[in-house]
Amino acid sequence: MDEKWIKILCGRLYTGLKSEFQESAEILIQGKYIKDVGFNLPCPENTEILDLRHLTVTPGLIDAHMHPEFFDWKDVYADTIYNSDGYRTLATYCTAERALHGGFTTIRSMGWFREAYELDVKRAINEGHLPGARLVVAPHLLGTTGSHADMTQTVRTNPILCDFMENLYPGLGNGPDFFTAAVRREKKLGADFIKIMATGGFATPYDDPDDIQLSDAEFKAIFDTAKELRISVTAHAYGPRLMKKLIGFGITGIEHGSLMDEETARLFEGTGTYLVPTFCPFQEAIYPDPENMAKKSPEFQRKLGIYQERMQRGREIIVNSKIKLGYGTDFVAAYQNYESGMEFRCMKQSGMDTFRILEAATKTNAEICEIDSFTGTIEPGKYADISGWKRNLMTDPDALRDCSFVMKEGTVYEAKSYLTEL
Ligand SMILES: [Zn+2]
């Protein structure tokens, strides 16, 4: 087959396999795939040479926690009523496209209350109709009445509207039978994983991050069904009480974990359960900034006030632990939803080592997304998903917001800087 050959000359190369940069390495690409990685690689005569010797080259990055259904994070509070499914679908595509230009070749979409047709966006991108980051999708959030999965909380002063809208949320229900059916339906639709809302949160106004919002029988129904159908489950969870329970159910990963304590951290380490700690939305709580805080909803501000100290302690415990960390922004909650490089800034600010962050955003995230057989590291046989960065990743917290090169499956796309778009 007549496939195009490309050789990339790297400045520094991080492959995702070791905590090091290699100087002056080369990557040889045939068609969509990496053929070889090394030095002075022999190559066919017509090989195109891409000179990236001014850049640090990494695997195409992965954002493992996104809500891509919004053009603007402020929409999230009005979304219950004002945004159509079609509008959110367009936003989902827009986010995937912007992520790609920013050097993130895969994003994991955590689901929403109503349809945003993420699976259709995923399909259109995978079939090559539209350029964009690869999507890994949980179509709906599963949760109970009044939980963090129940955005009708925002219209509770109108119970008739509230009840009517509850019926529009396919992932919202109660009782083990409901959740058995809900997991089966997600699987049928083509979900890559199951997302459950197991504690309250900060974006929903009338629940609490320490609540446990499903019964043991409901949890059991979800985990038993998912196990039979061989699909993984991840949970939105903050408090240690719930995280311990979820690990007991054999969950593979947890999102946020912001109220982490030492005992639970040891449990994560012992079981190898991964955590996508989503530092971005909670920077204001960890490093108080009155100006940014004032932009949040009053309920968000009230909850952050109550939980601030425990979250600061939780952040320290996570940073100092050996928990297997993923990299995810949880955008909609804080910044624009295409600035996936922002989590790097937040992790650096919390004292995390650059290589730990890079491993989270590449190798570990690929494992979390269950796509590590074909992406996440730069090694022969994997897709040529490759990003390039002109800033110094060891010292510059904005390095991943300023992309200079992006390739997905062997095709080069326009790279963009999102540095000025805050
Ligand atoms: Zn989220």
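These notes cover a three-stranded sheet and the helices packed on it, in a predicted model.

1. The sheet. Strands S6, S7 and S8 make an open sheet, in that order, with parallel pairing. S6 (61-66) and S8 (134-137) are the edge strands; each has a single partner strand, so one side of each lacks a neighbour in the sheet. From one strand to the next, the twist averages 20°.

2. The S7-S8 pairing. S7 spans residues 104-109 and runs parallel to S8, joined by four bridges. Threonine 106 has arginine 134 in S8 as its bridge partner.

3. Packing on the sheet. Helix H2 (residues 85-101) touches S6, S7 and S8, and its direction makes about 145° with that of S7. Helix H13 (residues 354-368) also packs on the sheet, touching S6 and S7. The direction of H13 makes about 50° with that of S6.

4. Span and kink of H13. The helix has 15 residues. First to last C-alpha, H13 reaches 19 Å, close to the expected 21 Å. Look at alanine 360: a kink of about 40° is centred there.

5. Burial of H13. Of its 15 residues, 11 are buried, so H13 is largely enclosed by the rest of the structure. Among them are Phe355, Ile357, Leu358 and Ile368. Ala360, the residue at the centre of the kink, is buried too. The cover over these buried residues includes S5 (48-59), S6, S7, S13 (274-276), S14 (324-325) and helix H12 (342-349).

6. After the helix. Glutamate 370, just after H13, takes a positive phi of about 60°.

Terms used. Residues numbered from 1 in each chain as written. Predicted model: local features only at pLDDT ≥ 70, side-chain atom pairs only at ≥ 80, totals over all residues. Heavy atoms only, no water. Pairing = 2+ DSSP bridges. Helix = DSSP H or I, 4+ residues; strand = E, 2+ residues; numbered from the N terminus. Axes fitted to C-alpha atoms, helices over the stretch in contact; angles between N-to-C directions. Contact = heavy atoms within 4.5 Å. Expected span 1.5 Å × (residues − 1). Bend = angle between axes of the 7 residues up to and from the residue. Buried < 20%, exposed > 50% of the residue type's maximum accessible area, 1.4 Å probe, protein only.
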